[in-house]
Amino acid sequence: MLSERISSVFKKITYAALKAGRNPEEIKLIAVTKSQSIDKIKEAAQLGLRVFGENRVQEAKNKIEALTEFMAQWRINIEWHMIGHLQSNKAKDAVRLFELIHSVDSEKLAALINKEAEKIGKIQRVLIQVKLSEEESKFGIEPEDTEKLIEFCSKLPNIKVEGLMTIPPYFENPEDVRPYFRKLRQLRDFLSGKYSFIKELSMGMSHDFEVAIEEGATMVRIGTALFGQRI
Ligand SMILES: *Cc1c(COP(=O)(O)O)cnc(C)c1O
């Protein structure tokens, strides 16, 4: 049952945080609803979840439209996050739909988001997606180029960089992912010395979020542990 899965995930978040000497409230749960039905999302919202992550702009747009009436009726405010790769031609919609875009990985994309955000008078919150290994997803900026991208973004008036995101390679054993999470945290610590607005660490998915929290995650993106296997 969804309610049981939600409380189980929250318990695990709390336990992992306390184990690492952290305040569990520092960790934001992003419920990843890609390929989940509108009814599932409604159920999750009624059970108290408020932050949802999608990895495709068009799918998110359809869902957000389909949920407008429900949200008004129940006076629920849902925060949508873009967690997948963002294509240039989708930047316009993304800026209109998402509170936070986790996947900025080039100056070109940042400039485009800035331009679209300016058009609607928005300051778009974003994270920089960092690629920590070759076998990782093909998206993300190299760690050594991250600072330059942040410097570039810091000059754009309609974009606000808040931190870093990564999608590490998949390992059966979550312990094997730990070095990647640690690397991202070390990079964040280094960058936040210079850019105090770099705070967030979006890392950790269903099978490894506890390790990510131990390593400092401030946002975990969880799909299957909440909703079951995607069809
Ligand atoms: C699908 C997805 C997730 C969630 O994955 P689960 O293993 O279902 O928790 C997290 N982050 C990104 C970027 C995703 O695409």
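**Exercise 1.** Where is the place of R75? Then classify R75 as buried or exposed.

*Solution.* This is a predicted model.
Step 1: find the flanking elements. R75 is in the loop between α3 (57–74) and β3 (79–82).
Step 2: check the backbone. Phi of R75 is positive, about 50°, although R75 is not a glycine.
Step 3: check accessibility. The relative accessibility of R75 is 79%. Exposed means over 50%, so R75 counts as exposed.

**Exercise 2.** Locate S35, state the sign of its phi, and assign its exposure class.

*Solution.*
Step 1: S35 is found in the loop between β1 (28–32) and α2 (38–46).
Step 2: phi of S35 is near 65°. That value is positive, in a residue other than glycine.
Step 3: the relative accessibility of S35 is 30%. Buried needs under 20% and exposed over 50%. S35 therefore counts as partly exposed.

**Exercise 3.** Place T166 in the fold, decide whether T166 is buried or exposed, and find what its side chain reaches.

*Solution.*
Step 1: T166 is in the loop between β6 (159–165) and α7 (178–194).
Step 2: its relative accessible area is 0%. The cut-off for buried is under 20%, so T166 is buried.
Step 3: follow the side chain. The side chain of T166 reaches the backbone oxygen of V130 at 2.7 Å.

**Exercise 4.** Which residues surround the ligand, and how does the shell divide by class?

*Solution.*
Step 1: list the shell. V32, K34, N55, I83, I167, M205, S206, R221, I222, G223, T224 and R230 surround the ligand.
Step 2: sort by class. The shell has 5 nonpolar, 4 polar and 3 charged residues. Gly counts as polar in this scheme.
Step 3: identify the site. The ligand takes up the space of the largest pocket.

**Exercise 5.** Give the distances from the side chains of K34, S206 and R221 to ligand atoms. Then state how much of the ligand the protein buries.

*Solution.*
Step 1: start with K34. An N or O atom in the K34 side chain is 2.7 Å from an oxygen atom of the ligand.
Step 2: take S206. An N or O atom in the S206 side chain is 2.5 Å from an oxygen atom of the ligand.
Step 3: turn to R221. Here the ligand atom is a nitrogen, and a polar side-chain atom of R221 lies 2.9 Å from that nitrogen.
Step 4: assess burial. Taken alone, the ligand exposes 390 Å². The protein buries 90% of that area.

Methods:
Residues numbered from 1 in each chain as written. Predicted model: local features only at pLDDT ≥ 70, side-chain atom pairs only at ≥ 80, totals over all residues. Heavy atoms only, no water. Helix = DSSP H or I, 4+ residues; strand = E, 2+ residues; numbered from the N terminus. Buried < 20%, exposed > 50% of the residue type's maximum accessible area, 1.4 Å probe, protein only. Near = heavy atom within 4 Å. Polar contact = N/O pair within 3.5 Å; in protein donor to acceptor, adjacent residues only side chain to side chain. Areas by Shrake-Rupley, 256 points an atom, 1.4 Å probe, with all protein chains shown as cover. 1 Å grid on protein atoms, 1.4 Å probe; cavity = no way out; pocket = protein on both sides within 12 Å on 5 of 7 lines; lining within 4 Å. Sits in = over half its atoms within 2 Å of the grid points.
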